[in-house]
Amino acid sequence: MKNIITTFCLFLAFSYNGVSQTVGPKIEFQSSVVDYGEIVKGSDGIRIFTFVNSGDMPLEITKVYSSCGCTIPKKPEAPIAPGESGEIQVRYDTNRVGPIRKTITVNSNASETPIVSLKIKGTVQPSS
């Protein structure tokens with residue numbers, strides 16, 4: 001009888017360890033890069049990064065900032081519930097002709113990746 005109980009307890013212990021559990025909020029971006037491609041000077045410079053909270057607690061985006069003043073990110077103000085999606089809007093100043101290579105940093109309360117780097121790239125061509 002003792003062996004049966006010991007075997008059962010070991011089975012439960014190994015079964016529990018084999019189960020992956022998400023604890024806390026988790027941020028997963030649809031893509032970490034937005035490619036503007038070739039756009040004309042003065043074009044619409046707004047692009048969207050979409051993400052999902054695949055965790056089991058509300059996700060809060062605490063801070064979003066860019067590597068340059070020519071790129072203005074906008075974060076969601078309300079927490080994102082588990083299973084829900086959210087957006088980070090990025091506005092690039094398309095009056096600057098030349099290549100676009102900027103980084104947007106996202107700080108959140110995500111348990112696995114509290115800091116995420118997003119990239120925008122492309123080229124602004126002079127208007128004809």
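Guide: Strands are DSSP runs of E with at least two residues, numbered from the N terminus. This is a predicted model, in which local features need pLDDT of at least 70 and side-chain atom pairs count only at pLDDT 80 or more, whereas totals for chains, interfaces and linings use all residues. Residues are numbered from 1 along each chain as its sequence is written, and side-chain values use heavy atoms, with hydrogens and water left out.

Visitor: In which strand is Lys 102 found, and how many residues of that strand are buried?

Guide: Lys 102 is found in strand β7, which covers residues 98–108. Buried means under 20% relative accessible area, exposed means over 50%, and partly exposed lies in between, with a 1.4 Å probe and protein chains only. By that rule β7 is mostly covered, and the number of its eleven residues that are buried is eight.

Visitor: Why does Lys 102 count as buried?

Guide: Contact means heavy atoms within 4.5 Å, and, leaving aside neighbours within four places in sequence, Lys 102 is in contact with several residues, including Ser 67, Tyr 92 and Ile 120. The C-alpha atoms of Lys 102 and Ser 67 are separated by 6.1 Å, although these residues are 35 residues apart along the chain. Lys 102 counts as buried because its relative accessibility is 19%.

Visitor: Which strands are the edge strands of the open sheet?

Guide: Two strands pair if DSSP finds at least two bridges between them, and here four strands form an open sheet, with mixed pairing, in the order β2-β8-β7-β4. β2 and β8 run parallel and are joined by six bridges, while β7 and β8 pair in the antiparallel sense over ten bridges, and β4 and β7 run antiparallel with five bridges. The edge strands, each pairing on one side only, are β2 (33–40) and β4 (61–66).

Visitor: Which residue in β8 is the bridge partner of Gly 98?

Guide: β7 and β8 form a hairpin with six residues between them. Ile 39 has Val 124 as its bridge partner in β8, and the bridge partner of Gly 98 in β8 is also Val 124.

Visitor: Which strand gives the most to the largest nonpolar core?

Guide: A nonpolar core is a set of buried Ala, Val, Leu, Ile, Met, Phe, Trp, Tyr and Cys residues joined through side-chain atoms within 4.5 Å. The largest one has 24 residues, and Phe 29 and Ile 120 touch the most other members. The strand that gives the most, with four residues, is β8.
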